[in-house]
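Biologist: Could you take a close look at one part of this model for me? I'd like to follow a single domain and how it sits against its neighbour.

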Amino acid sequence: MKQETHLGKFVGRPMERVEDAPLLAGQAMFCDDLPVRPGTLHAAILRSPHAHAQIVSIDTTAALAQPGVKAVLTGKEIKEDSDPFLIVLRLPMDQWSLAIDRVRFVGEAVAVVVAEDRYLAEDALDHIKVTYKPLPAVIAPLDAAKDGAPLVHPAAGTNVVSIRDFSYGEPDKAFAEADRVVELTVDYPRNSQTPLEGYIVVADYRREDKIYDVMSNFQGPFTVHPVMSRALRVKGPQLRMRSAAYSGGGFGIKQAMFPYVVLMCIASRRVGRPVKWVEDRLEHLTAAIAAPNRIIRGQAAVMNDGKVTGFRFDQLDDYGAYLRPPMPGPLYRQHGIMTGGYDVKHMTIVNRLVMTNKTPSGMVRGFGGPQIYYALERLMQRVAIELGMDHLDVIRRNLIPAGSFPYRAAAGALIDSGDYQLAVQIATRDGKLDELKLRREQARSEGRLYGIGFAVVVEPAQSNMGYLSTINTVEERRRAGPKGGNVAYATVNVDALGGVSVTADSLPQGQGHATVLSQVVADELGIEPHEITCNMERDTQRDPWSIATGNYSSRFSSATAPAARLAARKVRAKLARIAAHILKVPSDKIVFSEGKIYSMDDPQTALRFSRVAGTAHWSPGELPPGMEPGISEIGVWSARELEPPNDADQINTSLTYGFVFDYCGVEVDRDTGRVRIDRYVTTHDSGKLLNPLLADGQVYGGYAWGIGAALSEEFVYGEDGSFLSGSFADYLCPTACEVPEPLILHMETPSPFTPLGAKGIGEGNAMSTPVCIANAVADATGIKDLRLPLTPSKLAGLIQGEEPARPRATAATAPPSARARGKGIRGEGSAFVACAPEQVWQTLLDPTKLAKVIPGCNKLELVGPNSYRADLSLGVGAVRGRFEATVSLTELDPPKTAVISGGLQGSLGSSEGGGNIRLEAVEGGTRVSYDYGFDISGKVAAVGARMLDGTARVLMNQFFQRLGASTGAPEVSSAARSWWRRLLQLLGIAR
Amino acid sequence: MKPSAFEYIRPGSLAEALACLARYGEDARIIAGGLSLVPAMNFRLVQPKVLIDIADIKELDYVRLDAAHIEVGAAATQARLLAWPELATASPLLAQALPHVGHFQTRSRGTVCGSIANSDPSSELPLCLATLAGSVILRSKGASRQLAAADFQLGLLHTARKADEMVVAVRFPLRQKGAGYAFHELAERQGDLAICAVAATVTERAIRLGIGGVADKPAVREWSDLPDSGLDAALNEFAWDLEASDDTHGTAVYRRQLVRRLGRRAILEARACRN
């Protein structure tokens, strides 16, 4: 149901985007397309292959000697030229723009090469020699929170760097009086949204006026501008941040590029020329940011009629290796609205913030919402199941009653407006829920797994800039002073011929802000939107900005658009006074329409818009007495409802709160575990829709990502912290084939707190769709504990039970004896070599012979008793990498057993492992048995994980074949494959 | 993600290409569509010194039919084969499998021979070649030879091609009379590499089943006179024999289950459409 509630002639209409023509014609200029100063150099970044290691030494000599290389910077230079970034907590967890002394996640920037072009810069990366001493890494948040866990920041003394608990209402009483308590623990995975365009920074240090001039695709919020300028030891105006009009997507992620801005500023200052850096896909997936993974234990106090009277939430949020501002935002941005769409007065929340050896967490569309709604809405389904009630009945029983808005939620959100019951009614009626239930019945009668899921979400928009101070105690907040609000800027200019141009502070990331701004301003000035030019570039030296400036928290519709209307109204008032002066009528009689300005009493005597505007430029003397010439007005807006947290820790985290109600039908294939979305209905009340076409665009985007989060997207880490999702072949975003068309329904309940009545709509489906699909899968399969993403392999494992047994007594794969973590490659096997054990033994201990046996061995030298260092070219097919290997043989019991350990390091990654080898004389030769386990980390694990086991087998085979050949024995049979692996492992090569 | 420096040669004839190969050997790689090679070069997993681009070699850009085969030249794209009007009648299996090979966009660049020469164990085309018992034609400057699929496909990204040889064409046997064909795969998304792909051909007496994505290369098994009651046991044995391993997309257990379940599905379907 789309109510016809246009606000003006253009606002509220589904107008086509003015941004599209340049985009479709290939004329939109993205940050990477913009011209740079002649002499601009290019940077490439060397990254850690280890999740946790001490940097013993870095030797840049060889890299500096490479062609075209102008500089190589390491932590040493960064420490000289900058200060660590400010963080939200007062704890010693320093972060610089390059690692200092220690790396804490795979992909952490260790050094930067500045060269004439990017190719040369990347060539030189291979020549930087870093010696690491690997340290134990901690990856799983529960492990990190344990006593005695390896510390990510030893100086902080703990990995759990913040614990806050909150109590609202009378939770103990609610739980004591409840008929039952329903409980569920969820483990929300690491994921992100992945812009097509990575980070781009062009930094130019102007030595003479001491200005860092930066062009980037930073998206704000500018709360981190002071963080950057402090790190660079300059005053705010000396750090000029400029951004392009077009962005290849943000989703919040382009906030977290600020360490690279500082890094390139320092690089530019060091080399005396501009430096450009373009992040590539591997860098982005490995090291940009992820939404925090979170473990939430939720409890609901429930009455037998389905009424929920209280909640308890215990959250453990994983921020990875560093707490980059504005982290831990995702833990607090939803704080005021943790009760979701439900009228529940009593609640406790425990928030724990944990550090691990993973990529730092950051801003991602939904910003904490996908995590908490996954817990809340899964829990509400459990309430229904445990009470034997219909899920939708339980939802209806608990929704905030219509007529109670503005509604103060338990934790402080002031929910501006809504009619949740009506939204549910529209959704079930227009989305034909009854029909969907029949489809479920039919499918189930045929033995198919079919389920229906629901999700209720309250979608916050326009963050209170003070919400993060909720992490501090009341006393700490008093000391620091109150923080709140969200200041928005827009400017409307009218030139001497009546041309209207608009600028604004929203740093659009593809949403179509220029289209809406032109609609808003056109309505005020009585002209056509296409007559208005919007320039969405931003420049902190020229344009007004505040800490709230930027593109995040769906703030455009409720903050920037109203600021533009304010500016336009000032322009209109001025033009009206000029027209009234010329026409000699009172200015409140003045009408603006179709490019004309006239008195409502005399429409025939109309002035052209351009004529009135021109007066302010051409003939200031004709202006009304006391009026300033020219026409350029700034609109500045901040809502008074965004108050700082109060002494009861209540916080109105956002200005507006939309409502989303989703349901869907899914089928799970019993054979393959694949989820098919049969129908998806999403209903939104986002207040007034400024442009319904753009609103639907936001819904489509959030929904498509929600499907990815539900079914396929996850940043996977090995137990050792190796990163395994470094390309789009492993981090699986849904494509058009995986995203069925949803039915989108709207209703419009205006917000009373923002001038245009509009709320946010960009993030709702990022919160609702993952849990809606999970609830449907739970309904289809009866499974309680569902961890996203619900991949076919995972679901098949849950629904199929035990697989048929191995048919005959072939050797089952035994568990590995060696400790292997990460992309832990482990195995064991045996092979036959047609010579005596002594001969095999000799080969293994003779560097000259061994060098001939090891595949791809360019050089092997003895570096100690039974310790070797080797230079190897390893690979399969055309895939080759050069590695330095160290291998030691210990616990020698000639010619029977030995223990092998070692490691590999090269530009493709690093490996550590060990194993055992046993020689046994058998008829006609020797049986060599072995087992091994090793980890692989770095690039090869990130982009080639699926190939590693196979590659290990290939290399093992080659080794044993060559071993056989070197001892004069005939070729090893293929059954000996694992034999060879062991040897390889011996070399440390082995996977 | 920039490749290391390489020399780029774009010969206009096969003879010229083979001369280049003879000259550079191991240091050279043939590039056709570049769908696998270019990403690997950008990751610097592959660092050829010389790239020999065969896109301009008209004599290799063909799909043709002889009495027993479809022969596809090395420059022919997957899209070209898929659009070839006789495909569905000449090779029902290829017609079913090709839509799973990447996407419309990638098929318009990716070549049939390139996929087979790359020998990725999860690719559909090497699986079809193995299941149909097709062959590969290799040429070097001085010689030409034809290898059966089983002799050509040696393992993970590993074939019997010698450094101075080039895959100039592949041959898929034509549909047999009285045979039925079926192809299924499970990939997480449409167009992804298969977690498990199955190709079945069923004749009156024999069942031939090929499995991709599980072992290091396409695995083919043939049964004759297999009673329906023995099908599950036969598939279970096959599944266990493939030495499946875990990766981030699927467990070994899952892969074995797919061999059993998709294998059964494909065999029954192929049998049902025997002509």
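Modeller: Sure. Keep in mind that this is a predicted model. The domain bounds I'll use come from an automatic or database domain assignment. On that basis chain A splits into four pieces: domain 1 (37-135 + 193-287), domain 2 (143-191 + 290-468 + 643-797), domain 3 (487-637) and domain 4 (825-987). Let's stick with domain 1 of chain A and the way it meets domain 2 of chain A. Their C-alpha centres lie 34 Å apart, and the contact draws on 31 residues from domain 1 of chain A and 35 residues from domain 2 of chain A. On the domain 1 side, helix α9 (residues 281-287) of chain A gives the most, with five residues. That side of domain 1 breaks down into 19 nonpolar, nine polar and three charged residues.

Now for another helix of chain A, α8 (residues 258-271). Its 14 residues reach 20 Å from first C-alpha to last, close to the 20 Å expected at 1.5 Å a residue. A residue counts as buried here if 20 or more other C-beta atoms lie within 10 Å of its own. By that test 12 of the 14 residues of α8(A) are buried, so the helix is largely enclosed by the rest of the structure. Among the buried ones are A:F258, A:P259 and A:Y260, along with A:C265, A:S268 and A:R269. Just after α8(A), A:G272 takes a positive phi of about 70°.

Key
Residues are numbered from 1 along each chain as its sequence is written. Chains are lettered from A and ligands numbered from 1 in the order in which they are written. This is a predicted model: local features need pLDDT of at least 70, side-chain atom pairs count only at pLDDT 80 or more; totals for chains, interfaces and linings use all residues. Two residues are in contact if their C-beta atoms, placed from the backbone, lie within 7 Å. Helices (H or I, at least four residues) and strands (E, at least two) are DSSP runs, numbered from the N terminus. Ala, Val, Leu, Ile, Met, Phe, Trp, Tyr, Cys and Pro count as nonpolar, Asp, Glu, Lys and Arg as charged, and the others, Gly among them, as polar. The expected span of a helix is 1.5 Å times one less than its number of residues.
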